[in-house]
Amino acid sequence: MREHEVPTHVQAEDRVLLWLTFPQVVSLIAVAAVGYGIFNYAPGPTGLRIGLAVVFGVIGGAVAVGQIGGRRLPLVAADLLKYWLGPRRFEGQAGDLLRPAPVMTVEADPGLLDKMLEKGRRRIRRLGNRRDRRDGDGPDNQPSSSNRGKGKGPRRSKREKRTGRMSFGRRRWVAVGVMVLLAVAIVIPQAVAAQGEDDGGGYGFSEVDLELPPPVLGRRLYVEEITVTRGRMNATVRAATDINLRARAYGGDSGNGLRFAGLASLDEGEMTSFDMPLDGDKPSYTFSWVDSLGQAGAFSLTADHLPYPLPFADGELCDAEVTSLTMSRTTVRGSVSTTCEQEVIETLEMETVSGIESVAVWTLREAQVTRVTGRVSVGLGGQEVDVPLVVDGDTSFSLPVEPGAGLHDIEIEVDVRGTLSVPMPPLVEMKTVPERTVRQTHVVSVLRPGISRNVSERVTTLCEDGTEERHWISVRLSIPAKTIEKTTRVPVTYASYVTAEIVDRDPATRTRDETIEVSASLWADDGYAVLEVPEPDPTPEAAEQVRAGGGVLEDLFNRIGWKWPW
């Protein structure tokens, strides 16, 4: 069989993956994990997170596998830091530190612990040599090589032969063995005691003897009343024993921001209230305490325990909103706010024409709300209460119940009746008029036309002397035009016809009924009960000082938990 010896003095690391060593592989895995964490959890857009992850991966990979002159980058960086920040500097250039790593060395560079051990061994060796020289057992008094190995026992010095005592080297190993045995004797009992493996033999005692009292079961705090309004939550709590109470309110966008913190010190049966804000989408409240026994506890109220946000409903006639809701151990109280409209749209069938012909159409009209009445009904379990509605205001209600522990559904109904005044347009009334003859007086007008004419005539005139004179006479006659009116009565016959008359109408009165339903859930606590604290243990009697039979040594054994063997 062929033999192959692997040199153990070569300072070379194993390659586990390609040219990478095991530390380099682990470093690359860690860099990849951190880079993925930056990409997955860093704030900002996707492009920015990818860029940050890539930059970190490149830098981390370079640090993990990069080398300068055969030496890794962390080692070079450490040398540079020592060079610039160390108490003493290297007398030379900074570039001299970037030396190449040796390929093969005879002896590896020892670590700090190896140097300390080697330095201690050298000092012990020097002390042994000094003592041997004082005793005459120096290097000049060594036995010859011819006498070596002839005796059956170990080689002894002159001093050992003369005094019968061991040399310093052997005493050193004996001292080391004794120290190891003492260390084992001290460490093992302490380890057993720390692990709680004391079996009563006296070696597993505890350094501090602390006995915790058993916990006292029972409620320390009860919620007597919870009131939720639009933006606040008021909680009244009652202590079942003496406690130091602390209340906190959380909210905000994430639901983890602290919005309120309050402190109170309560005696048994005492009550206090905390007025805390309702903030964010998921508010929560925590009540923590420390009682007089030194025991602590806490409980929380979340948005699931509260009617948050308070319910509301929109109606055509009125809108209803629960403005406050209170749950106590005996009653449920609250208020409902209603806001009614002044004008609503009413659908009705309206007659537009009447008479010999009737026409009706469906139309939408703006109606005035003249009066609103209603009632509010609240039910929880089998109990129910009705109260008159306060229009455009807050309607308060109170329902005596005993809800018990847990979430309870509260049903609220608002019944509303509105009286509407609908303005109506004028009505067209159509009538038929039969045929008839009527003597009517009429004025007759006649136009006489105008005329104009010239008239000429020859006239003979007898003079005094008996002569006749002849003359032509011309005259123009003109008659102007004129309208001559004359009143007369004549019979007129009318055929049958239809007449239409527009008649104004009064507004129509209508009523509208509407039911608005809302529901809410509210948490209630158990009934109050005083915490029953057990009676304290009786005070032990004072121990009498009795002298132990073994004296001081036995008393010391008893104090440290060891058993006196005699």
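## A loop residue, a cis proline and a negative patch

Asp-392 sits in the loop that joins β17 to β18 (394-400). This is a predicted model, so treat what follows as a reading of computed coordinates. The phi angle of Asp-392 is near 55 degrees, a positive value in a residue other than glycine. Most residues other than glycine have a negative phi, and most peptide bonds are trans. Asp-392 counts as partly exposed because its relative accessibility is 47%, and partly exposed covers the range between under 20% (buried) and over 50% (exposed).

A second backbone feature is found at Pro-309, in the loop between β11 (296-302) and β12 (312-314). Here the peptide bond from Tyr-308 to Pro-309 is cis, with omega near -5 degrees.

Now to the surface charges. A patch of negative charge brings together Glu-384, Asp-386, Asp-409, Glu-411, Glu-413, Asp-415 and Glu-517. Two strands, β17 (383-388) and β19 (406-422), each provide at least two residues of this patch. With four residues, β19 gives the largest share.

One member of the patch, Asp-415, is placed in strand β19. Asp-415 counts as partly exposed because its relative accessibility is 31%.

Here are the two aspartates side by side:

| Residue | Location | Relative accessibility |
|---|---|---|
| Asp-392 | loop between β17 and β18 (394-400) | 47%, partly exposed |
| Asp-415 | strand β19 | 31%, partly exposed |

Note on methods:
Residues numbered from 1 in each chain as written. Predicted model: local features only at pLDDT ≥ 70, side-chain atom pairs only at ≥ 80, totals over all residues. Heavy atoms only, no water. Patch = residues over 30% accessible without salt bridge, like charges linked within 9 Å, V, L, I, M, F, W, Y side chains within 5 Å. Areas by Shrake-Rupley, 256 points an atom, 1.4 Å probe, with all protein chains shown as cover. Salt bridge = Lys/Arg side-chain N within 4 Å of Asp/Glu carboxyl O. Lys, Arg positive; Asp, Glu negative; His and termini not counted. Charge placed at Lys NZ, Arg CZ, Asp CG, Glu CD. Buried < 20%, exposed > 50% of the residue type's maximum accessible area, 1.4 Å probe, protein only.
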